Amino acid sequence: MDFGLTDEQQQLADSERSWLGRRDPIARVRAALDVAEVTVDSAAVTHAAESGLIALLTPEMGGTHVDLAVLSEAHGYAASSLPLADLAVAAWLLGQAGAAECDAAAAGSLLVGVARAPLAIGAYDSASLRAATSPLPMAADMAAVAVVGQGQDGEYLALARDPHLVGMKTLDLTRSWARLGLDSSMGQPHRLPAGTLAYLRDAMAVHRSLDALGAAARLLEMTVTYAGQRRQFGAPIGSFQAVKHHCADMAVAVEAARSALWAAALALDGAPDAARSRAASAAAAYAKSAATRVASTALQVHGGIGFTWEHDLHLLLRRIRVDEAFDGSVAEHRAALVTA
């Protein structure tokens with residue numbers, strides 16, 4: 001496949017990375033570490049809403065998953081707490097369901113997360129959870145959660161307003177994670193087109209992997225810079241063959257993962273269902289594994305300084321590890337490929 005970003009997509013990526021660089025999300029995380037859990041930056045919400053990023057996938061905006069892919073990577077690179085892909089996908093889902101909250105979600109005035117869980121659809125337009133939902137980031141900052149699941153006779157979306165959250169303790173210090181409790185109050189269920197649940201599963205796997213890719217790309221840059229500055233035996237460690245090979249392996253892993261995820265994002269924008277799911281699982285399995293290898297190698301090349309609390313390396317490593325675990329682990333995506 002001969003594929004590259006358009007000029008507009010490259011400008012979008014550069015613009016978002018520049019904005020995030022000025023806000024410095026990692027500094028914001030560090031300021032909160034010993035005080036309270038990190039929260040979504042209100043300035044980031046305003047920026048995303050005014051720029052039309054939350055509404056990117058809606059028919060009115062006409063954006064694509066490739067457009068969203070460059071943003072997901074940028075937010076992973078910056079270790080941003082704003083779950084932009086989740087918000088954009090949730091706004092699209094509400095539109096698919098014909099929910100009245102769609103416009104408010106797309107405008108950013110109603111922050112809506114997205115989760116998956118089996119739904120019990122009862123009489124009199126009622127819905128309830130039959131099992132715990134998938135984990136979702138920054139749930140405490142969401143005004144509502146769009147829960148998508150299989151009911152007795154089809155696929156449905158139900159909006160949980162002021163949901164009962166079950167907090168999760170994870171390695172990730174740059175974001176909070178939670179599930180919805182079984183006693184969460186669910187709104188009126190909306191029937192979704194058949195296949196929406198599988199599409200959502202593929203989309204979230206791709207964008208969670210893109211977040212890990214962004215963090216891995218930043219670790220690669222940090223490691224190359226450090227290898228050029230750190231000196232041993234009178235020479236930069238980057239001049240040693242073993243370190244060169246480590247950095248080269250990291251670069252190959254990042255670029256290969258990026259190519260696989262771009263192809264998967266392209267598949268989300270129009271490939272047949274089976275081909276889309278194969279592309280998503282193949283890309284997620286490779287990219288999550290590659291990002292973890294990059295993080296481990298970065299820690300090795302940095303040596304003792306990389307193990308310190310004061311260095312940012314561990315924040316990105318932790319984020320990658322959690323991205324690897326959620327929305328399908330490497331093992332789960334490989335198993336899906338075997339049975340596809």
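**Helix 3, helix 7 and an annotated domain**

User: Starting with helix 3: on the side away from its buried residues, which ones are exposed?
Analyst: Ser42 and Glu50 are the exposed ones there. Bear in mind that this is a predicted model.

User: And which residues of helix 3 are buried?
Analyst: Helix 3 runs over residues 42–50, and Ala44, Val45, His47 and Ala48 are buried in it.

User: Why do those count as being on the same side?
Analyst: Because they cover an arc of only 165 degrees around the axis, they sit on the same side of helix 3.

User: What covers them?
Analyst: Among the elements covering the buried residues of helix 3 are helix 1 (7–23) and helix 5 (84–97).

User: What goes on at the start of helix 3?
Analyst: Aspartate 41 has a side-chain oxygen within 3.0 Å of the backbone nitrogen of alanine 43.

User: And which residue follows helix 3?
Analyst: Glycine 52 follows, with a positive phi near 75 degrees.

User: Switching to helix 7, how many of its residues are buried?
Analyst: 27 of the 34, so "mostly covered" fits helix 7.

User: What span should helix 7 have?
Analyst: Helix 7 covers residues 196–229, and at 1.5 Å a residue its 34 residues should span 50 Å. The end C-alpha atoms are 50 Å apart, which agrees.

User: Which residues does the UniProt domain annotation cover?
Analyst: The unreviewed UniProt entry puts "domain: Acyl-CoA dehydrogenase/oxidase C-terminal" on residues 210–333.

User: How much helix and strand is in residues 210–333?
Analyst: That stretch is 77% helix and 3% strand, and its end C-alpha atoms are 15 Å apart.

Notes. Residues numbered from 1 in each chain as written. Predicted model: local features only at pLDDT ≥ 70, side-chain atom pairs only at ≥ 80, totals over all residues. Heavy atoms only, no water. Buried < 20%, exposed > 50% of the residue type's maximum accessible area, 1.4 Å probe, protein only. Helix = DSSP H or I, 4+ residues; strand = E, 2+ residues; numbered from the N terminus. Arc of directions from axis to C-beta. Contact = heavy atoms within 4.5 Å. Polar contact = N/O pair within 3.5 Å; in protein donor to acceptor, adjacent residues only side chain to side chain. Expected span 1.5 Å × (residues − 1). UniProt positions renumbered as here; feature names shortened; annotations may be inferred.
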